[in-house]
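Work through the following exercises with the sequence and the model side by side, and try each task before reading its solution.

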Number of protein chains: 2
Amino acid sequence: MKTADPELMRAINRFHVMDAIRRFGPISRVEISQFTELSPTTVSAITAALLDDRLIIPIQEGALRDAGRGRPRVMLRLNPEAAFVVGVKLAPDQITVATTNFCADVLQSLTLPIRIDRQPAPVIADLVEDGVRQCVSDARLPMAKIAGICVGLPGIVERAAGVCRQSPIFSERDVNFGADLTKRLGVAVSIDSDVNLVTLAEHWFGQARGLNDFLVVSVEHSLGLGILHNGELFRGANGLSPDFGDVMVRPPGSGGGRLSAWASEASVLSEVEAALRGSGHEAAFRDGRGMALLLQLAAAGDQRCIGILASAGEALGFAIANLITLFAPPKVIVAGRAMAASAFFIGPLRETIAALVPASLADVAEIVVREWSDGIWGRGAAAMTLRDLYGAPWGTTGPAPNRGPLGLITGDSH
Amino acid sequence: MKTADPELMRAINRFHVMDAIRRFGPISRVEISQFTELSPTTVSAITAALLDDRLIIPIQEGALRDAGRGRPRVMLRLNPEAAFVVGVKLAPDQITVATTNFCADVLQSLTLPIRIDRQPAPVIADLVEDGVRQCVSDARLPMAKIAGICVGLPGIVERAAGVCRQSPIFSERDVNFGADLTKRLGVAVSIDSDVNLVTLAEHWFGQARGLNDFLVVSVEHSLGLGILHNGELFRGANGLSPDFGDVMVRPPGSGGGRLSAWASEASVLSEVEAALRGSGHEAAFRDGRGMALLLQLAAAGDQRCIGILASAGEALGFAIANLITLFAPPKVIVAGRAMAASAFFIGPLRETIAALVPASLADVAEIVVREWSDGIWGRGAAAMTLRDLYGAPWGTTGPAPNRGPLGLITGDSH
DNA sequence: AGATTTAATACGCATAGCGGATAAATACAA
DNA sequence: TTGTATTTATCCGCTATGCGTATTAAATCT
């Protein structure tokens with residue numbers, strides 16, 4: 001039970017101030033006071049402390065000379081050099097690493113196109129460790145300057161415990177990846193569901209800026225679901241991130257009715273491969289060009305391919321419609337690599353959602369399709385770590401990370 | 001944006017103290033201090049204020065003379081007479097009203113077996129108004145002593161706005177039932193999904209005491225879903241309570257795949273009625289004895305009836321399995337009137353859940369079947385209102401009800 | 001240059017929670 | 001019976017917080 005003391009009070013308000021500065025770029029104290037509804041006095045006190053700790057910096061000049069009349073407002077912004085963090089994204093066939101500054105600007109990124117799925121966890125940890133060290137070094141930073149690292153990966157992740165319960169990446173279960181990497185790198189490493197990272201990124205920088213409720217559905221090799229609910233990342237009991245692929249979309253009968261068997265790239269590809277067997281396309285699948293081939297054939301009018309994409313879209317639409325019924329989010333962001341952009345997939349998806357969402361919720365949810373750059377994962381991972389550094393006091397996001405009053409901030413903290 | 005000031009601090013801590021007193025019966029200040037992790041000094045100050053406002057009272061004597069040695073601890077408990085509230089539950093064929101005290105003990109209850117579904121909203125409001133006045137009068141209380149009223153009803157309810165978006169009770173949509181009754185009765189009336197009431201009741205008094213995550217599924221004329229997540233009632237964006245019956249459990253194809261078409265008593269009965277047409281049982285359905293007949297026939301081995309109950313259980317199991325995938329709750333409470341207790345329904349339900357919950361979540365959720373008394377609705381409605389009176393400051397439960405610092409407490413608030 | 005206007009801060013106040021000292025109320029022991 | 005030990009509850013002083021008012025700072029306008 002969290003007891004409310006003056007310290008918590010200050011933590012809450014400081015977080016609000018930090019959040020206002022992060023969201024509204026260079027911003028004056030008066031504006032912060034308006035946004036946060038804190039008194040100018042309090043804002044002044046808090047920003048003074050933040051300036052003292054060098055978490056924020058005043059903007060030199062060139063301040064907007066607009067209002068004209070009185071004393072000009074001093075604009076404040078995050079100090080990009082206040083801290084640096086590293087974001088890592090693990091996909092079955094690729095490791096992406098990004099080093100960012102305190103504003104979540106990517107300083108340096110690194111992509112390793114390696115198939116890591118079904119590798120033993122220690123091997124993966126080796127690769128991640130090397131990747132992180134390389135990426136940090138490329139950014140001309142010593143490891144000591146890194147204030148935190150976040151690793152995103154598909155599957156069921158228990159962030160609080162730093163444990164990956166199950167993932168297409170790992171053959172093992174209950175991999176304590178967070179603690180392992182923390183020991184290896186000497187920096188606090190948190191792990192989270194990959195979709196949660198991009199959900200936070202969309203919330204901070206993307207299409208859902210300022211939106212307190214929305215869903216993110218990622219369609220990649222496997223399926224991911226991120227939920228922002230009441231301004232917070234949604235997690236199940238014990239902080240478990242749900243695995244969207246495990247949702248049932250069809251009666252169990254033949255072949256399993258889980259979403260992952262219908263709408264993931266893996267399932268679609270294996271279905272197409274089976275359908276095209278003996279037609280001379282084996283090489284394409286072997287080389288990882290299966291999805292491109294599928295989309296190409298569909299565009300050429302191949303009914304089997306169109307049908308496969310359509311059933312995938314319908315199955316996903318079924319699942320999303322149920323989520324809309326539960327969460328009533330005003331926005332749903334669907335994204336992925338290639339398939340998610342195809343009209344043969346998105347069309348049936350949209351139609352299914354429109355048909356299945358209950359009448360009372362019709363038109364509340366806007367469905368947005370989006371293609372992500374590699375960078376967004378890194379920014380999301382950065383955001384996840386920065387959220388803690390900014391001092392979110394009530395976060396259900398993670399455990400109370402036993403750290404000093406000002407976090408793992410590098411440099412002299414006064 | 002809520003600004004954190006000393007007042008909020010006190011509100012939070014006062015709520016924690018009230019909550020400890022409510023949960024752990026007569027309790028001493030020291031124990032409160034232990035449970036809340038507040039300093040004894042603070043607990044003393046807060047309890048002094050609560051005593052001053054007569055929200056709590058010291059227990060006279062007969063204190064447990066156990067520890068023996070030092071100064072005996074003074075036990076504190078809620079003052080049952082600090083306030084009185086009324087809970088109302090609307091079902092298609094019945095209105096239940098209960099007057100309770102500050103401890104959510106039912107003082108007087110009243111059941112009106114009236115078919116109200118499809119009556120115009122003003123008529124229903126008339127009936128509710130009369131019922132409330134009657135029940136309050138029976139409890140020998142003047143209306144002025146009632147601090148709040150909560151009405152639970154099936155369907156999609158937007159508690160914050162006091163509006164019922166859609167309900168099997170109302171033929172209209174967007175019924176502003178809360179404001180209407182508030183005007184009629186001169187007492188603050190809130191409305192909520194009926195399942196939310198019983199969810200809160202289970203959390204406060206029932207099988208889920210102290211459990212921060214669980215699901216409640218009610219199987220009555222229609223289906224209801226209540227979710228307690230992270231210790232708070234779960235609501236969709238805008239505070240909308242989802243309607244479980246709108247969840248899809250089968251592909252849309254023929255006849256609609258919504259859960260309400262498979263597993264509600266209404267759907268099961270209509271299916272049975274169709275199956276038995278011409279077999280001389282019409283009277284039973286006309287008189288509302290359809291469910292009893294169905295269960296009786298199933299018990300006698302009628303395969304059609306057993307099959308109907310089984311598909312209902314399987315469909316509900318499908319939906320619950322998906323919820324478990326999302327929320328990972330340690331407990332699921334299934335309840336209702338008659339059908340929910342039948343092994344022909346619960347058996348397939350359990351089997352389906354066991355089969356469909358992903359392996360990684362197997363055995364996390366315990367499925368409990370429970371039959372509710374009429375009283376639980378009233379206690380739940382009372383709890384919902386008392387929650388506000390106790391001063392929950394962060395509640396996503398409702399809007400900030402513009403009221404004095406001590407709520408709608410009757411009597412002299414010093 | 002002085003008036004005006006707006007931004008930011010200094011000062012004092014009220015309230016919060018907490019720690020140590022103190023009072024209260026009982027059981028135990030001589 | 002009286003004194004001591006022990007546990008509970010409160011009193012007092014301390015620090016931290018947010019806020020309101022008055023004050024200073026820094027620009028524009030006249």
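A residue is called buried under 20% relative accessible area, exposed over 50%, and partly exposed in between, with a 1.4 Å probe and protein chains only. The model is predicted, so that local features need pLDDT of at least 70 and side-chain atom pairs count only at pLDDT 80 or more, whereas totals for chains, interfaces and linings use all residues. Residues are numbered from 1 along each chain as its sequence is written, chains are lettered from A and ligands numbered from 1 in the order in which they are written, and side-chain values use heavy atoms, with hydrogens and water left out.

**Exercise 1. Salt bridges**

Find the acidic partners of Arg304(B) and Arg115(B), and state whether each arginine is buried, partly exposed or exposed.

Solution. Begin with the criterion, which asks for a side-chain nitrogen of Lys or Arg within 4 Å of a carboxyl oxygen of Asp or Glu. Arg304(B) meets it with Asp302(B), their closest N and O atoms lying 3.8 Å apart; the arginine is partly exposed at 46%, while Asp302(B) is buried at 18%. Next, Arg115(B) pairs with Asp117(B) at 2.8 Å between the closest N and O atoms, and here the arginine is exposed at 58%, whereas Asp117(B) is buried at 16%. In chain A, Arg304(A) bridges to Asp302(A) at 3.8 Å, and Arg304(A) is partly exposed at 46%. Over all chains the rule gives 38 salt bridges.

**Exercise 2. Helix α4 of chain B**

Check the length of α4(B) and identify what covers its buried residues.

Solution. Helices (H or I, at least four residues) and strands (E, at least two) are DSSP runs numbered from the N terminus. The expected span is 1.5 Å times one less than the number of residues, so the 18 residues 121-138 should cover 26 Å, and the 25 Å between the end C-alpha atoms agrees. The buried residues include Ile124(B), Val128(B), Glu129(B) and Val132(B). With contact taken as heavy atoms within 4.5 Å, their cover includes β4, β5, β6, β7 and α5 of chain B. After the helix comes Arg140(B), with a positive phi near 60°.

**Exercise 3. The interface**

How many residues does each chain bring to the contact, and how many salt bridges cross the interface?

Solution. Chain B and chain A each contribute 54 residues. As for charge pairing, zero salt bridges are found across this interface.
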